[in-house]
Amino acid sequence: MKSEDPLAAALSGLPVPPATPGARERALHRATIALRQSGDVADGSPPYARRRAAGRFGMRWALAGVFVMLAAGAFWRLERPRRTEEIARQSIEIDRTVLGQMKALFGAQLNAVVERAGAAPDIRLSDGAEEGEAGQSQPVLIEFTRGGDLIRVLGYSGRPVCVDLAGRRTCFEPLATGDGGIILSGNGFCWTPQDRGGEVSGYRVATRLLPNS
Amino acid sequence: MEASCHETDETCLVDCAANGDADAFAELFNRYYPMIHAFAYRLTLRGSDAEDIAQDTFIKAARTLGSFRRDCPFKNWLYRIAVNAAEDARRRDARQSRLAGELAASAMEVARPRDHTRLTEALAALGEDLRQAIVLVYYEGMNHAEAARVLGCAETTVSWRVFRARHCLRKALRGSR
């Protein structure tokens, strides 16, 4: 019907440019963070592969059900880490790319990129005093989580950064250690990887070294 | 209510994603990102804005999946979020009055053939509400009732907007020949 309409034919000629490289991956990455943050998410809810096995069997088939669930569990244990690793690998790659792009724009002045899911990344620049050293430092990722709140800091070892934690401005320097760990040295606190469960201003801390771009 | 879940079963994917399953969400994302990106481009006619709107759409979808009531297709729910995201982006644009350089850059984004430039200009000249209606009906293939649900207005309003948009487009395309 519409093909007879010359206006519809003219409209159909409008080309849509493809998304720029990385835009789709960034969107998925940020949306996944938002999904993790969403308040109504039940932690540890079963993946659909396992749920698929769950509701089909009645009491009569309990034994068969148990067997299937064990088999599904075994499959899940083998398959899930692989997928999780793949997602983690992609996530690191995106973080590395974002940091690389910001470094290309701001050069040695770049101290860190601070992300709060859903919000535009916040670029932290030095006032120029530290120019010359930056960019050659080890890139690092620090995640602060409390309840549904997640703050991600993409920065460099030895470069100072301040974030707003529970309404309090918290400044620190991430320091990469020789054994591949990261220490956070801040005003009035020092967080080390050995502080498992240790919190900063009520936030749990997770750190990771990022590959150099 | 246990669903018999298949990875291709959209209802199941939505349920699982609403329960925090990142794999199910990624599957939905991969399924609908190209559609939403193209939709956003047709609403804004700017590539960079389309990417932002598509990203915002999926971020908002991720946050509010739990409130998706399933009284309309998931796809239409995404369209609705995208329309809102486009309106938000337009308001931000108006406030911040983006740099002229960015406009120039976006004009150079795609080397469009002349006919497309004319069509793009004609679409750009439409008001936002007229463009939303024409994009939903002509590009996304919705009938007026479906478009009305996405836009949150009466079906007759959509019909009127489509009529007005068609009139303007015809005039613009004829006039530039």
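Throughout these legends, buried means under 20% relative accessible area, exposed over 50% and partly exposed in between, with a 1.4 Å probe and the protein chains only. The model is predicted, so that local features need pLDDT of at least 70 and side-chain atom pairs count only at pLDDT 80 or more, while totals for chains, interfaces and linings use all residues. Residues are numbered from 1 along each chain as its sequence is written, chains are lettered from A and ligands numbered from 1 in the order in which they are written, and side-chain values use heavy atoms, with hydrogens and water left out.

**View 1. The aromatic cluster of chain B links B:Tyr32, B:Phe68, B:Phe74 and B:Trp77 through ring pairs.** Rings of Phe, Tyr and Trp (for Trp, its six-membered ring) pair if their centres lie within 6.5 Å, and planes under 30 degrees apart count as stacked, over 60 as edge-to-face and the rest as tilted. By this rule there are 10 aromatic pairs over all chains. The rings of B:Tyr32 and B:Phe74 have centres 5.6 Å apart and planes at 55°, so this pair is tilted. Because B:Tyr32 belongs to helix 2 (residues 22-44) of chain B and B:Phe74 to helix 4 (residues 74-96) of chain B, the pair ties together parts that are 42 residues apart in sequence. B:Phe74 is buried at 5% relative accessibility, and B:Tyr32 is buried with a relative accessible area of 10%. A tilted pair is also formed by B:Phe68 and B:Trp77, whose ring centres are 4.9 Å apart and whose planes stand at 40°; both B:Phe68 and B:Trp77 are buried.

**View 2. Chain B as a whole is built with nine helices and zero strands.** Helices (H or I, at least four residues) and strands (E, at least two) are DSSP runs, numbered from the N terminus. Of the 177 residues of chain B, 49% count as buried. With a contact defined as heavy atoms within 4.5 Å, 61% of the contacts in chain B between residues at least 6 apart in sequence join residues at least 24 apart. Chain B exposes about 8,600 Å², of which carbon and sulfur atoms supply 51%; accessible areas come from the Shrake-Rupley method with a 1.4 Å probe, and for residues only the protein chains shown count as cover. Two cysteines of this chain are partly exposed, B:Cys153 at 22% relative accessibility and B:Cys168 with a relative accessible area of 27%.

**View 3. Chain A combines four helices and 10 strands.** From the N terminus on, its elements run α-α-α-α-β-β-β-β-β-β-β-β-β-β. Buried residues make up 37% of the 213 residues in chain A, and residues 24 or more positions apart account for 53% of the contacts in this chain with a separation of 6 or more. The area that chain A exposes is about 12,000 Å², and carbon and sulfur atoms supply 55% of it.

**View 4. Strand 1 (residues 110-116) of chain A has six of its seven residues buried, so it is largely enclosed by the rest of the structure.** Two strands pair if DSSP finds at least two bridges between them. Strand 1 of chain A pairs in the antiparallel sense with strand 2 (residues 122-125) of chain A over four bridges, and A:Ala112 stands opposite A:Arg124 in strand 2. Five bridges join strand 1 of chain A to strand 4 (residues 149-156) of chain A, again in an antiparallel arrangement, with A:Leu154 of strand 4 as the bridge partner of A:Val113.

**View 5. An open sheet of chain A has four strands in the order 5-6-7-8, with antiparallel pairing.** Strand 5 (161-165) and strand 8 (189-191) of chain A stand at the edges with a single partner strand each, so one side of each is left without a neighbour in the sheet. Neighbouring strands of this sheet are turned by 30° against each other on average, direction ignored, where axes are lines fitted to C-alpha atoms, for helices over the stretch in contact, and angles run from 0 to 180 degrees between N-to-C directions. Strand 5 of chain A runs antiparallel to strand 6 (residues 168-176) of chain A, and five bridges join them; A:Arg168 in strand 6 is the bridge partner of A:Leu165.

**View 6. A disulfide is formed by A:Cys162 and A:Cys171, with their sulfur atoms 2.0 Å apart.** A disulfide is taken as a pair of cysteine sulfur atoms within 2.5 Å, and by this rule the count comes to one over all chains. The link of A:Cys162 and A:Cys171 is right-handed, with 105° about the S-S bond. A:Cys162 is buried, with a relative accessible area of 16%.
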